[in-house]
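Colleague: I would like a close look at a single part of this model. Please pick one helix and take me through its packing and its surroundings.

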Amino acid sequence: MKSFGVSCLFLLGFVLFETAVLSNIVILPVVPDLILICSLYFSLQNGRLFGVASGFTGGLFLDFVSACPFGFNCLLRTIIGYVAGFFTKTLNISGVIFPFLIGLIGTLLKAFVLWIISFFYLNISLTYNILSLNFLYQLLFNAILTPLVFRFLDIFKNSLLLKPEKVS
């Protein structure tokens, strides 16, 4: 339970950083999705249930601060957390290459799930076009930042894991 509370604090901090700081930097063409990266990390470390819970919580925080319909981000990030949880403890996320690829694939998965969800939210005009330059920027930003965020979250690994690793 402690690990979920700590992960919620990280999610809230990243949501505030995204919305208050990164969204106001004029030179950035898009805002990197740090909540997606955190949800991927939590899912890959702790499994589907933790991924679903952290994805839902991160989505809930985003729904409170964004103008999209309530529940949109919750649904999106819950699905992504569940899918990423299938690969718990099977991928090496300590290097640079695999986290880079995880960020790339996670962003592509986000685009695919957004496309599917857009059929159910008919009043939303989906402006998330995978052929646009903005999508390519976000794909690149997320892929580059994933190894850095994973490395940062590894500092707090024992507080974020359901079963902390024993130091030998």
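Modeller: What follows is a walk around helix H2 in a predicted model, starting with its two helix packings and ending at some residues around them.

Helix H2 covers residues 34-46, and helix H3 covers residues 48-65. Their axes come within 7 Å and cross at roughly 160°. Angles over 145 degrees count as roughly antiparallel, so H2 and H3 are roughly antiparallel to each other. The handedness of this crossing is right-handed. On the H2 side, the contact is made by Ile-35, Ser-39, Phe-42, Ser-43 and Asn-46. They meet a set in H3 made up of Arg-48, Phe-50, Gly-51, Ser-54, Gly-55, Gly-58 and Leu-62. By class, the residues of this contact are 4 nonpolar, 7 polar and 1 charged.

H2 also packs on helix H4, here at an angle of about 35° and with the axes 8 Å apart. This crossing, too, is right-handed. From H2 come Ile-35, Leu-36, Leu-40, Ser-43 and Leu-44, and from H4 come Arg-77, Ile-80, Gly-81, Ala-84 and Gly-85. The contact of H2 with H4 divides into 6 nonpolar, 3 polar and 1 charged. Ile-35 and Ser-43 appear in the contact with H4, and both also appear in the contact with H3.

H3 and H4 can be tied together through Thr-78, which is placed in H4. Apart from neighbours within four places in sequence, Thr-78 is in contact with Val-52, Gly-55 and Phe-56. Gly-55 belongs to the H3 side of the contact with H2. The C-alpha atoms of Thr-78 and Gly-55 are separated by 4.5 Å, although the two residues are 23 residues apart along the chain. Thr-78 has 17% relative accessibility and therefore counts as buried.

Next comes the nonpolar core. The largest one has 31 residues, and those with the most contacts inside it are Phe-14, Phe-42, Phe-150 and Leu-153. The elements giving two or more residues to this core are helix H1 (2-21), H2, H3, helix H4 (72-85), helix H5 (97-117) and helix H6 (133-154). H2 provides the largest share, 9 residues. Phe-42 also takes part in the contact of H2 with H3.

Phe-150 shows how another of these core residues reaches H2. Not counting residues up to four places away in sequence, Phe-150 touches Ile-37, Leu-40, Tyr-41, Leu-44, Ile-93, Pro-99 and Ile-102. Of these partners, Leu-40 and Leu-44 are also on the H2 side of the contact with H4.

The end of H2 has a further neighbour in Leu-162, which lies in the segment after helix H7 (157-160). Leaving out residues up to four places away in sequence, Leu-162 touches Ser-3, Asn-46 and Phe-50. Asn-46 and Phe-50 are on opposite sides of the contact between H2 and H3. With 46% relative accessibility, Leu-162 counts as partly exposed. Its C-alpha atom is 21 Å from that of Pro-99, a residue 63 places away in sequence; Pro-99 is one of the residues touched by Phe-150.

Lastly, one backbone detail lies outside the helices: Lys-89, in the loop between H4 and H5. Its phi is near 60°, a positive value in a residue other than glycine.

Key. Residues are numbered from 1 along each chain as its sequence is written. This is a predicted model: local features need pLDDT of at least 70, side-chain atom pairs count only at pLDDT 80 or more; totals for chains, interfaces and linings use all residues. Side-chain values use heavy atoms; hydrogens and water are left out. Axes are lines fitted to C-alpha atoms, for helices over the stretch in contact, and angles run from 0 to 180 degrees between N-to-C directions. Helices (H or I, at least four residues) and strands (E, at least two) are DSSP runs, numbered from the N terminus. Angles under 35 degrees count as roughly parallel, over 145 as roughly antiparallel, 65 to 115 as roughly perpendicular and the rest as oblique. A crossing is left-handed if the near helix is turned anticlockwise from the far one by less than a right angle, and right-handed if clockwise. Contact means heavy atoms within 4.5 Å. Ala, Val, Leu, Ile, Met, Phe, Trp, Tyr, Cys and Pro count as nonpolar, Asp, Glu, Lys and Arg as charged, and the others, Gly among them, as polar. A nonpolar core is a set of buried Ala, Val, Leu, Ile, Met, Phe, Trp, Tyr and Cys residues joined through side-chain atoms within 4.5 Å. Buried means under 20% relative accessible area, exposed over 50%, partly exposed in between (1.4 Å probe, protein chains only).
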